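This briefing concerns the surroundings of a bound ligand and the internal space of a protein model. Please consult the sequence and the structure shown here alongside the points that follow.

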Amino acid sequence: MTNLQLTAENKLKHFLTPEGLSAGLLTQILDKAETFLDYSGAQAKIKSVPLLKDKTVVNLFFENSTRTRTTFELAAKHLGAEVVNMNIATSATSKGESLLDTIRNLEAMFVDGFVVRHAVSGAAHFIAQQTAPHISVINAGDGQHAHPTQAMLDMFTIRKLKKDFSGLRVAIIGDILHSRVARSEIHALNILGAKEVRVIAPKTLLPAEIESLGVTVSHDLNEGLQDIDVVIMLRLQKERMTSALLPSESEYFNCFGLTEEKLKLAKPDAIVMHPGPINRGVEIDSKVADGKQSVILQQVSNGVAVRMAVMAMTMAD
Ligand code: CP
């Protein structure tokens, strides 16, 4: 998959997964994102720059989204691009048009980039293989496979607050089995040199041979939180569960839900992250989600700058 993402000069052409990319290239995304943030005011602000003036970006979201779709739209607008949000529910997809025919028709409208979210793993990769050579494809989440810009905005947030990856122990907690975010974060953290990536989940919510991705495994939240610098919580992705994998949500919360008490087991300066949407009282207690160690809304804010960076690197002339 790696080569498809890169030009002959090893520049980013599509962004489909962090897997197989170099630490240098991921760091370039983070550094580029920094240039779009202005911290001189009381609050972080986004700098608008016309790097994609005269370009057209189509947001193709075949699955629901709040954060990703909106921040991609804002990012494209800050870069001066025209943005088209395809309404899939009212598009010809609902009349049986194939994905490839939809892409061919949009290409015929002289677009420059597709931001794609799809329930099928590999959908963005398929579009990148099939689309016209001048078009860039950015994966906004494909099935259980990858969510690369979420991983990069999480890396940006971690770097901003913890400075260096090399000493960090990061715990990813919850429904790893169905999580494209977890897979992309595991790849990105390992590429960027995190000391340890630990996954904490019941056996039923872990993929087979997860250790092969370069993680340590714990099935006990109390034990797993020891020495942790960054806590990343995941929601239960019930829409992807085809059988009962848990006795009940309340039992899951008792064993794997993050409460103030449990958070005390991590390092005192640990940060709490969540890609959203959060399910309060299922994987995270409100007091933690809204507490002073939570950086969940900073993640969302950073998403605009990071998506600007990825769009600029893939699409700017
Ligand atoms: N984190 C994330 O992908 O959220 P949305 O589904 O709202 O885009």
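Which residues line the largest cavity? In this predicted model, the lining consists of R67, T68, T71, Q150, L153, H274, P275, I296, Q299, V300 and R307. The ligand, for its part, occupies the largest pocket, and its shell includes R67, T68, Q150 and P275.

**Cavity**
- The structure contains 1 cavity of 30 Å³ or more.
- The volume of the largest cavity is about 70 Å³.

**Ligand shell and domains**
- S65, T66, R67, T68, R117, H147, Q150, P275 and G276 surround the ligand.
- By class, the shell residues comprise 1 nonpolar, 6 polar and 2 charged.
- The ligand lies between domain 1 (2–146 + 300–315) and domain 2 (148–297), because both domains give residues to the shell around the ligand.

**Polar contacts and burial of the ligand**
- The side chain of R67 places a polar atom 2.9 Å from an oxygen atom of the ligand.
- In the side chain of R117, an N or O atom is 2.9 Å from an oxygen atom of the ligand.
- P275 contributes through its backbone, with an N or O atom 2.8 Å from a nitrogen atom of the ligand.
- On its own the ligand has 260 Å² of accessible area, of which the protein covers 91%.

**Residues listed for both sites**
- R67 belongs to the ligand shell and also to the lining of the largest cavity.
- P275 likewise surrounds the ligand and lines the largest cavity.

Conventions: Residues numbered from 1 in each chain as written. Predicted model: local features only at pLDDT ≥ 70, side-chain atom pairs only at ≥ 80, totals over all residues. Heavy atoms only, no water. Near = heavy atom within 4 Å. Polar contact = N/O pair within 3.5 Å; in protein donor to acceptor, adjacent residues only side chain to side chain. Areas by Shrake-Rupley, 256 points an atom, 1.4 Å probe, with all protein chains shown as cover. 1 Å grid on protein atoms, 1.4 Å probe; cavity = no way out; pocket = protein on both sides within 12 Å on 5 of 7 lines; lining within 4 Å. Sits in = over half its atoms within 2 Å of the grid points. Nonpolar A, V, L, I, M, F, W, Y, C, P; charged D, E, K, R; others polar. Domains from an automatic or database assignment. Points joined across faces, edges and corners; volume = space filled by probe spheres on them.
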